[in-house]
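The following note sets out several points for discussion, in numbered form. Please read it alongside the sequence and the coordinates.

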Amino acid sequence: MSMKLAILGLLLEGDHHPYEIRIKMKDRGMDQYTKLQMGSLYYAVDRLAEDGYIEAVETIQSDSRPDKTIYRITDAGRKLFEQLLLKKFRDIEPVHHPLYIALPFSRHADPAVLAPILQSRIREAEHRVNQAYQLYVEHQHIVPRSTQHLMIGMYEHAKTDLNWLKRLNEDLVQGKLGMIGEPLFPEDGPEEEQ
């Protein structure tokens, strides 16, 4: 569903060849915030064309390269796009993080082995924070406000993930992962931002 939504959304902006769609997805960092399997892009384009949601408008032939077919969205494609878009806004999915399954058992890990792994994750999280910020800075004046919300959301999620990993690392270093009865938040809950 996400791949079809992305393809149709990009075709709303203009007619494109699948390779151009792939480049736009990568340029906009779509592979960073959703599970878009780039290998399935061409399959999805073929299915959308077979089902009448997009149509070929031109085929560019070359002696040295495979033919390039340029596609545009159809009226049926616009309707499907709207359905997929609204479905994504309605869908409420639980947050999944690869560490969630391991965290309850991390107290059993050897801190000397776990610490460098966690520190590596922290460096990667710092990189994601910087990357998300840079993406916003470079594109804020050329993308619609809706896309700016996406970029700021990516940045804020990356910062939250980084802070969470740092807190976890601090507890690991202090030998607190097995501790019971000492809450991370004060008794009255998390502080609200002012």
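1. E182 and K176 are joined by a salt bridge in this predicted model. The closest nitrogen and oxygen atoms of E182 and K176 are 3.6 Å apart, and the pair is counted because the criterion places the limit at 4 Å. E182 is classed as partly exposed because its relative accessibility is 49%, and the exposed class begins only over 50%. K176, at 25% relative accessibility, also counts as partly exposed.

2. K176 appears again in the second largest pocket, where it is among the residues that lie nearest the centre. The others named in that position are L168, D171, L177 and L184. The lining of this pocket comprises 16 residues, and the space within the pocket is about 390 Å³. By character, the lining residues divide into 9 nonpolar, 5 charged and 2 polar.

3. Which residue forms a salt bridge with R128? The partner is D161, with the closest N and O atoms 2.8 Å apart. This pair links distant parts of the chain, since R128 belongs to helix 6 (residues 111-139) and D161 to helix 7 (residues 145-173), with their positions 33 residues apart in the numbering. On accessibility, the two partners fall into separate classes: R128 is partly exposed because its value is 28%, whereas D161 is buried because its value is 13%, under the 20% limit.

4. A further salt bridge brings together the side chains of K87 and D91, with an N to O distance of 2.9 Å. Both ends of this bridge are partly exposed: the relative accessible area is 39% for K87 and 31% for D91.

5. R47, E50 and D51 deserve a separate entry, as salt bridges link these three residues in a network. For the model as a whole, the count comes to 7 salt bridges.

6. Which residues make the nonpolar surface patch of about 270 Å²? The contributors are Y19, I23 and Y42. Y19 is located in helix 2, which spans residues 18-27. Why does Y19 qualify for a patch on grounds of accessibility? Its relative accessibility is 44%, so Y19 is partly exposed and passes the requirement of over 30%.

7. R22 is likewise a residue of helix 2. With a relative accessible area of 31%, R22 counts as partly exposed. The C-alpha atoms of R22 and Y42 are separated by 9.3 Å, while the two residues are 20 positions apart along the chain. Y42 is thus worth inspecting from two sides, given its place in the nonpolar patch with Y19 and I23.

8. The last point concerns S2, which is found in helix 1 (residues 2-13). S2 and K88 are 86 residues apart in sequence, yet their C-alpha atoms are 8.5 Å apart in space. How is S2 classed by its accessibility? S2 is partly exposed, because its relative accessible area is 23%, and the buried class is confined to values under 20%.

Technical notes: Residues numbered from 1 in each chain as written. Predicted model: local features only at pLDDT ≥ 70, side-chain atom pairs only at ≥ 80, totals over all residues. Heavy atoms only, no water. Patch = residues over 30% accessible without salt bridge, like charges linked within 9 Å, V, L, I, M, F, W, Y side chains within 5 Å. Areas by Shrake-Rupley, 256 points an atom, 1.4 Å probe, with all protein chains shown as cover. Helix = DSSP H or I, 4+ residues; strand = E, 2+ residues; numbered from the N terminus. Buried < 20%, exposed > 50% of the residue type's maximum accessible area, 1.4 Å probe, protein only. 1 Å grid on protein atoms, 1.4 Å probe; cavity = no way out; pocket = protein on both sides within 12 Å on 5 of 7 lines; lining within 4 Å. Points joined across faces, edges and corners; volume = space filled by probe spheres on them. Nonpolar A, V, L, I, M, F, W, Y, C, P; charged D, E, K, R; others polar.
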